[in-house]
Amino acid sequence: MYDITKSPVIDIDAYYVKAEKHGNKDYIPHPFVALHYVISGSTIASCAGKILHHKKNILSVIPPDLPHSVEVTEDAEILALNFTCLNNSFFDTPFAIDCKNPRIPELFDTLYKMYAANDTDYKYYSIFYELLDLVEKQLEQSTKNKNNPKIIQAKAEIDKHFSDNNFNISQLAEMLNINSSYLRREFKKTFSISPIAYLQDIRLQNAVSMLLSDYYSVEEIAQKCGYGSSSYFIQTFRKAKGYSPQKWKELYFKNMAN
């Protein structure tokens, strides 16, 4: 359980971020806790072995001192609160949850406007603590939702079988002896993404990792990541990234060199 209101907050910076679509970028660890609320658009962040899907109404945390990468899959608008505590260990795990409480985005907006106006007295901190309290309650509810063992197993099975191009969500539902509609509904409720979208993202993320290793051919990546054929892999990759796998890799290494 996150005890995120237990350590005194000593500094809070608030920003409005407009991020244009771009490929995966690596970021060095930052010393603060990054609390984000997505107004529009979508991004995919990878941190501490977790893939965080950020879209409208998603609330997320990137802990301090952890390397991470971010891909903006659709032009995004984000409200960001970067803060430090006397004990940052209360924020040692990245997370992304669907924000159900309309009060949370209101508080993000209020804090941003106060910070922009340099109005950061005790009221500013009081509003921030109210926000943290609501976030903690949201996390508690999210944890309860994730106690569904069938849905937890469904995610594990996708992670295990993504390389099988014959694997699909109907087959997954049969494996778990549950209804496909129930699986889709509960999976999205729990992880804020549909099971088919999660399967597609896992395949793409693994394909990107293999591509950047500069060791596997396009044909090998397609086979090992569940795409069935290299032509389908190239088509899917181009749709997601805007370039063919080979072209995207060339641009990635060129950008890293610069």
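## Strand E6 and its partners

In this predicted model, strand E1 (residues 9–19) runs antiparallel to E6, and 10 bridges join the two. Within the segment E1, Ala14 is placed opposite Leu81 of E6. Strand E2 (residues 22–27) also pairs with E6 in the antiparallel sense, over four bridges; Asp26 stands opposite Ser69 in E6. A further antiparallel pairing, over 13 bridges, links E6 with strand E3 (residues 33–47). There, Ala45 stands opposite Val70 in E6.

Strand E6 itself covers residues 68–85, and 14 of its 18 residues are buried, so the strand is largely enclosed by the rest of the structure.

## Helix H5

Helix H5 comprises 12 residues, 180–191. From its first C-alpha to its last, H5 reaches 16 Å, which is close to the 16 Å expected at 1.5 Å a residue. Its buried residues are Leu183, Glu186, Phe187, Thr190 and Phe191. Viewed down the axis of H5, these buried residues fall within an arc of 110°, so they line one face of the helix.

Both ends of H5 can be described in local detail. At the start, a side-chain oxygen of Asn179 comes to within 2.8 Å of the backbone nitrogen of Ser181. After the helix comes Ser192, which has a positive phi, near 60°.

## Aromatic pairs and a cluster

Over the whole structure, a search finds 12 aromatic pairs. In one of them, the ring centres of Tyr227 and Tyr232 are 6.2 Å apart and the ring planes lie at 55°, so this pair is tilted. The two partners differ in exposure class: Tyr227 is buried, with a relative accessible area of 7%, whereas Tyr232 is partly exposed, at 42%.

Phe237 and Trp248 make an edge-to-face aromatic pair, with 5.7 Å from centre to centre and 75° between the planes. Phe237 belongs to helix H8 (residues 230–241) and Trp248 to helix H9 (residues 245–257), so the pair ties together parts that are 11 residues apart in sequence. Both Phe237 and Trp248 are buried.

These four residues, Tyr227, Tyr232, Phe237 and Trp248, belong with Phe233 to one aromatic cluster.

Key
Residues numbered from 1 in each chain as written. Predicted model: local features only at pLDDT ≥ 70, side-chain atom pairs only at ≥ 80, totals over all residues. Heavy atoms only, no water. Expected span 1.5 Å × (residues − 1). Buried < 20%, exposed > 50% of the residue type's maximum accessible area, 1.4 Å probe, protein only. Arc of directions from axis to C-beta. Polar contact = N/O pair within 3.5 Å; in protein donor to acceptor, adjacent residues only side chain to side chain. Pairing = 2+ DSSP bridges. Phe/Tyr/Trp six-rings, centres within 6.5 Å; stacked < 30°, edge-to-face > 60°.
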